[in-house]
Amino acid sequence: MVAQARYDLAAEQAVIGAALLAPALMADLAATLAPADFGRPAHVVLWEAMCGMHAAGIPSDPITVTAHLAECGIIGKVGGAAYLHTLTADVPTAAHAAHYAGIVADLAKRRKVADLGSQLSHLATSVTDAADMLAAGRALLDDAEVPGGWSPLIPLGRGRHLPAFPADMLPGWLGDQVRAVAEFTQTPLDLAASLALACLSTAAGGRAEVEVRGSWREPTNLYTVVVLPPGSRKSAVFAAMVGPILAAEKALIERTAPAIIEADLAAKVATKQAEKAALAAANGDGPGRDTLIAEATAAAMNAEAITVPAKPRLVADDITSETAASLLAEQGGRLAVLSPEGGIFATIAGRYSGTPNLEVFLKGHAGDLMRVDRRSREAEHVDKPALTMGLAVQPEILRDIAGMPGFRGLGLLARILFAVPENTVGRRKIGADPIPTQVAADYHAHLHALVLALAEWTDPAVLVLTPDANDVVLEIERQVEPRLAPGGAWSHIVDWGSKYTGAVVRIAGLIHLAENLHDGWGKPVDADTVHRAAQIGEYYAAHALGAFDDMGADTAVRNARTLLAWIERTGMTAFTKREAFRAVQSTQFKTMADLDPALAVLEAHGYLRQLDPPPPKRAGGRPPSPSYLTNPEVHRPAATVHPLAARRAS
């Protein structure tokens, strides 16, 4: 039975004849039937040519098709002009084209099943390993489920469905504030949560570090960056989350003011005395001059020994690298840059100086020794700088920073915990509940207390891990390592992934201190705390993949997504490469050649199929632009990803 029903000649003729009589049908028919779906070889050649004409915007009426086939030198392969006349003459009505196309497609599937049976039979006798045989057989069966001979759709990147921040992993008083702020401002939970971690980092950075094992210690400062478009109420969230830090800064200023005034006065008096002694020594003469010089020297050394404490400062905004270095030295190596804008990235890249300066931001995260040069006095060394960053940037800035000199190559991007939440603008609830008074009061009191409790620490407190907590860290390392291998899930962001375990340990240290406000430095970090930090880490790992994807860590995938957006927006079922270039030409696609990697990605992911190009119309002429068909699944309202494809993508 299968051999007798290899193909239906009349149905194939009806489909092609209808397309010749009514060229407007080609859009639907080309998306439904591939050339290989036809059983008669002449029909395969003819349909391939007609699909190519449709993709190039050439009508498929009989006269134009005949001329095109003749110019390409393949009219004889389809039976000549007489056969095209037969096809149109035998079509009762073009309205039945979809019905006959269904018959052709059904028989194509049956042929595919028959061929599949032969392949499976051959597989059973040619493959010796049973596991390999079953795996290959399943792959053949999975591919057979895809209609029209199309490969399954494989999603482009991971940035479309990113998880929400696991706020339940935060200490109670912190999680309550995060949820309340997100509700009141109608912003993604991710923004308030990432700022909450940045605020903890501001309080504890440089004042505590986590000892993992041996000489491995992680400081407790973080770099967090949230990506949201303009109009997302970022400033309101910053005000609610950063307010207690600014209040604590003011309290520190008031607390240290008497000591600063006293030291400043003492320095002025000592300076005056040193000046008088120096003048006396300069005017002196005779046997007593050596004594005057000795007294002047002692007075100068006394004046030099008096240090006037700097006014405490916890937070800076959009500052230059040079200013950040000076403030770090002035503040004992501790500073936070908290801002609802991302202008600091352009500043770091050399907006004012013309030269990128990343050193302070690289060493300020790692805690490496930093030398700070000053004009008015000798250079200073900051032994363990601890810089915190809590920023919100626009998507355009995110895409720009990957191209800024040194940001990726020197490792700045590898130090950042990215959050790329879904924008809530347009879906926000009007009249949302305000932040409960008690929740805001608890948040203010606890964060304020943590800042003041750790402010006087000069040498950082060392937080040790319990044995069980250390086992959890070891397990995290075991899970991460395969992801970093070539072909692994993080192979294209190996710089970021290599710092992942350290970031989890830092988060665990911050959670521990936030839950033990008054004596956390005297208690070990337990396994449950590391587990919770690991769940937050997995959140940031998923968002890092999305962020690096958007930044163009894989430029071909980014360009493919741009091209796919044009196809989806315009409903393109077929097009030429030249047509696509005219539509998407920009700084992203400067030449036709820039389309090639994106088209290759879309083909590999099952979104497109390139048609065989016809030969040039004349010797030495420019070859026709390649033509492409779009997978019908792309334009379905609820297009789903093939299960096997989803497994392959992960």
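**Aromatic pairs, strands and buried residues in a predicted model**

Tyrosine 540 has a relative accessibility of 0% and therefore counts as buried, the limit being under 20%. The structure in which this residue lies is a predicted model. Tyrosine 539 is likewise buried, with a relative accessible area of 2%. Phe165, Tyr539 and Tyr540 are linked by ring pairs into a cluster.

The protein as a whole provides the setting for these residues. Its fold contains 24 helices and 13 strands. The protein has 650 residues, of which 47% count as buried. Among contacts with a separation of 6 or more, 75% are made by residues 24 or more positions apart. The exposed surface is about 30,300 Å², and carbon and sulfur atoms supply 56% of this area.

Aromatic rings form a recurring subject here, with a count of twelve aromatic pairs. One of them joins phenylalanine 418 and phenylalanine 548, whose ring centres are 5.7 Å apart and whose planes stand at 85 degrees, an edge-to-face arrangement. Phenylalanine 418 belongs to strand S9 (residues 416-419) and phenylalanine 548 to helix H20 (residues 527-551), so this pair ties together parts that are 130 residues apart in sequence. Both partners are buried: phenylalanine 418 has a relative accessible area of 0%, and phenylalanine 548 has a relative accessibility of 1%. The pair of tyrosine 539 and tyrosine 540 is also edge-to-face, because the ring centres lie 4.9 Å apart and the planes meet at 70 degrees, over the 60 required.

Strand S1 (residues 208-213) is paired with two strands. With strand S10 (residues 461-464) it runs parallel, and four bridges join the two; within this pairing, glutamate 209 has valine 462 as its bridge partner. With strand S2 (residues 216-219), S1 runs antiparallel, again through four bridges. Here arginine 213 stands opposite tryptophan 216. The hairpin of S1 and S2 has two residues between the strands, and glycine 214 adopts a positive phi near 60 degrees.

Histidine 365 is placed in helix H14 (residues 359-366). With a relative accessible area of 10%, histidine 365 is buried. Apart from neighbours within four places in sequence, histidine 365 contacts Pro219, Asn221, Tyr223, Arg415 and Arg506.

The cysteines complete the picture. A disulfide is a covalent bond between the sulfur atoms of two cysteines. The structure holds zero disulfides. Cysteine 72 counts as buried at 10% relative accessibility, and cysteine 199 counts as buried at 1%.

Definitions and conventions. Residues numbered from 1 in each chain as written. Predicted model: local features only at pLDDT ≥ 70, side-chain atom pairs only at ≥ 80, totals over all residues. Heavy atoms only, no water. Buried < 20%, exposed > 50% of the residue type's maximum accessible area, 1.4 Å probe, protein only. Contact = heavy atoms within 4.5 Å. Areas by Shrake-Rupley, 256 points an atom, 1.4 Å probe, with all protein chains shown as cover. Disulfide = S-S within 2.5 Å. Pairing = 2+ DSSP bridges. Phe/Tyr/Trp six-rings, centres within 6.5 Å; stacked < 30°, edge-to-face > 60°.
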